[in-house]
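Visitor: Could you pick one part of this model and take me through it closely, then work outwards from there? I'd like the cut-offs along the way.

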Amino acid sequence: MDFEFSDRSQDITARVGAFFETHVLPRNRDWRDWSENNSGDPVWLEDLRAKAKSEGLWNMGLSGLPESKPGQGLSNLEFAPIAEIMGRLAWAPVVFNCHAPDVPNMITLLEAATPDQQAQWLDPLLDGSVRSAFAMTEPATASSDARNIAMRIDKTATGYVMNGRKWFASGAAHANCKFMIVIGAMSDAAPRSGHTALIVPMDTAGLKQVRKLRFMGWDEPCSPMAELEFNNVEVPASALLGVEGQGFAVAQTRLGPARVHHCMRAIGLAETVIEMMVARASERRAFNKTLGEYDTVQGWIARSRIEIEQARLIVLKCAWLLDKKGHQSAWRDVSIAKVAVPAMLNGVIDRAVQLFGALGGTDDTPLPAAMAWARAFRIFDGPDEVHLRQIFRQEKPASGPLADSPYLSKPI
Ligand SMILES: Cc1cc2nc3c(=O)[nH]c(=O)nc-3n(C[C@H](O)[C@H](O)[C@H](O)COP(=O)(O)OP(=O)(O)OC[C@H]3O[C@@H](n4cnc5c(N)ncnc54)[C@H](O)[C@@H]3O)c2cc1C
């Protein structure tokens, strides 16, 4: 087993790290001020994006990126340490055009879109001139069971018409969001089937943003979430993404890398949090000692380090599997990462809030937003319980009854 990253990965990691320290981190307070009062991206962020792009630090999370397109086309494993750096700040991935949900949408469009669709929708995303969203979850149906989709799609003479409601579509409330990939069900299909993916421009007649959504008071400023109403929303036949009735196959192309990229960024966020814990523990004094002199606090930090390292190994193995064997073979490991990493992150952030005392609950620190995101991470891209079910199902049954097992020193 080789624990070293490729030369290309090491080179780009160093460059992204330097760019992050020099240009991104110093703007964090500007981002906080901007995002409290505005939607969309500030001009200075556009300038930063242009700079990152001109330095080739762009579209790094797309292993299937053709050479003709702008960006790096790194493997998932090569991307891991880079995504970690970006994950240290919630908005940093946007600087490098490596943010969700645009990257998962790029992956979907690379795999399932026709050349015309790619020219119309993928190229502007790769270029960074537009934003996008993915709308599958619905308020009226339990969406962790993806077959439950209630949105109806009817065929017309020239295309499709949609009726229904979606919510928690990340990025849909962004000022520059130009289109969504929407998953609905053909109205003439049997219940729980006929799922179809359509590309829907945001300015289509009948599509209404009902409201912006918050999760535990946090509004995801990089990719603001929306509830959306579809009232006879009509699109041409050319909006069909992939094959009619096989929208799940389209949705699944995005899931492996999308989940693992979130995990990589989550590890970066945990690194930010542990760094802040160490600083606070060495500076803050109580009962004539620094907090870091207490065994309890040392244990919190050491336990956090152990959990981060465990999570990183799980994620790296998963990235390696995705690269070597594809997402069908990596399914179980993606689920393992998707449960293990949010558990780690929630634990680390909880300890950090405790260590910071009252300050830890204020927006003066990144901890409340991080905590909301970490908590959401146990739900989006599949709740823990759905992944646990997947993992359980892949455990091999015993070859015979337990009573006869040679592992038992006597039959039971
Ligand atoms: C911050 C955030 C961003 C999101 N971004 C998007 C997005 O961009 N696009 C999009 O389409 N959706 C998005 N979502 C929605 C997310 O994917 C769904 O919330 C998720 O799939 C769960 O669906 P649900 O909320 O309908 O929960 P439900 O299906 O109602 O499930 C509720 C709970 O039931 C339990 N449960 C479900 N199944 C089982 C089971 N088999 N065994 C045991 N327990 C079970 C779980 O604990 C689960 O949390 C986002 C959500 C959040 C919070």
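Guide: Sure, pairing is a good place to start: two strands count as paired if DSSP finds at least two bridges between them. Strands (E, at least two residues) and helices (H or I, at least four) are DSSP runs, numbered from the N terminus. Keep in mind that this is a predicted model, where local features need pLDDT of at least 70 and side-chain atom pairs count only at pLDDT 80 or more, while totals for chains, interfaces and linings use all residues. Residues are numbered from 1 along each chain as its sequence is written, and side-chain values use heavy atoms, with hydrogens and water left out.

The part I'd pick is strand β4, residues 177–186. Nine of its 10 residues are buried, so β4 is largely enclosed by the rest of the structure. Buried means under 20% relative accessible area, exposed means over 50%, and partly exposed is in between (1.4 Å probe, protein chains only).

Now for the partners of β4. Strand β1 (residues 131–135) runs parallel to β4, and five bridges join the two. Within that pairing, F134 has I181 of β4 as its bridge partner. Strand β2 (residues 152–155) also pairs with β4 in the parallel sense, over two bridges, and here I153 stands opposite M186. With strand β5 (residues 195–201) the direction flips: seven bridges join β5 to β4, and the two run antiparallel. There, A185 of β4 faces H195 of β5. As background, side chains in a regular strand alternate between the two faces of the sheet.

The loops around these strands are tied together too. D145, in the loop between β1 and β2, forms a salt bridge with R192 at 3.1 Å, N to O. The pair links distant parts of the chain, since R192 sits in the loop between β4 and β5, 47 residues away from D145. A salt bridge here is a side-chain nitrogen of Lys or Arg within 4 Å of a carboxyl oxygen of Asp or Glu, and by that rule the count comes to 26. Both ends of this one are partly exposed: D145 has a relative accessible area of 30%, and R192 has 42%.

Follow β1 the other way and you get to the ligand. β1, β3 (159–170) and α12 (384–393) each supply at least two residues of the shell around the ligand. A residue is in that shell if one of its heavy atoms lies within 4 Å of the molecule. The shell has 22 residues, and M136, T137, S144, F168 and E385 come nearest. Polar contacts are pairs of N or O atoms within 3.5 Å; within protein, one must be able to donate a hydrogen and the other to accept it, and residues adjacent in sequence count only if both atoms are side-chain atoms. A ligand nitrogen lies 2.6 Å from a side-chain N or O atom of T137. One ligand oxygen is 2.9 Å from a polar backbone atom of S143, and a ligand oxygen is 2.5 Å from a side-chain N or O atom of S144. Taken on its own, the ligand has 980 Å² of accessible area, and the protein covers 69% of that. Those areas come from the Shrake-Rupley method with a 1.4 Å probe; for residues, only the protein chains shown count as cover.
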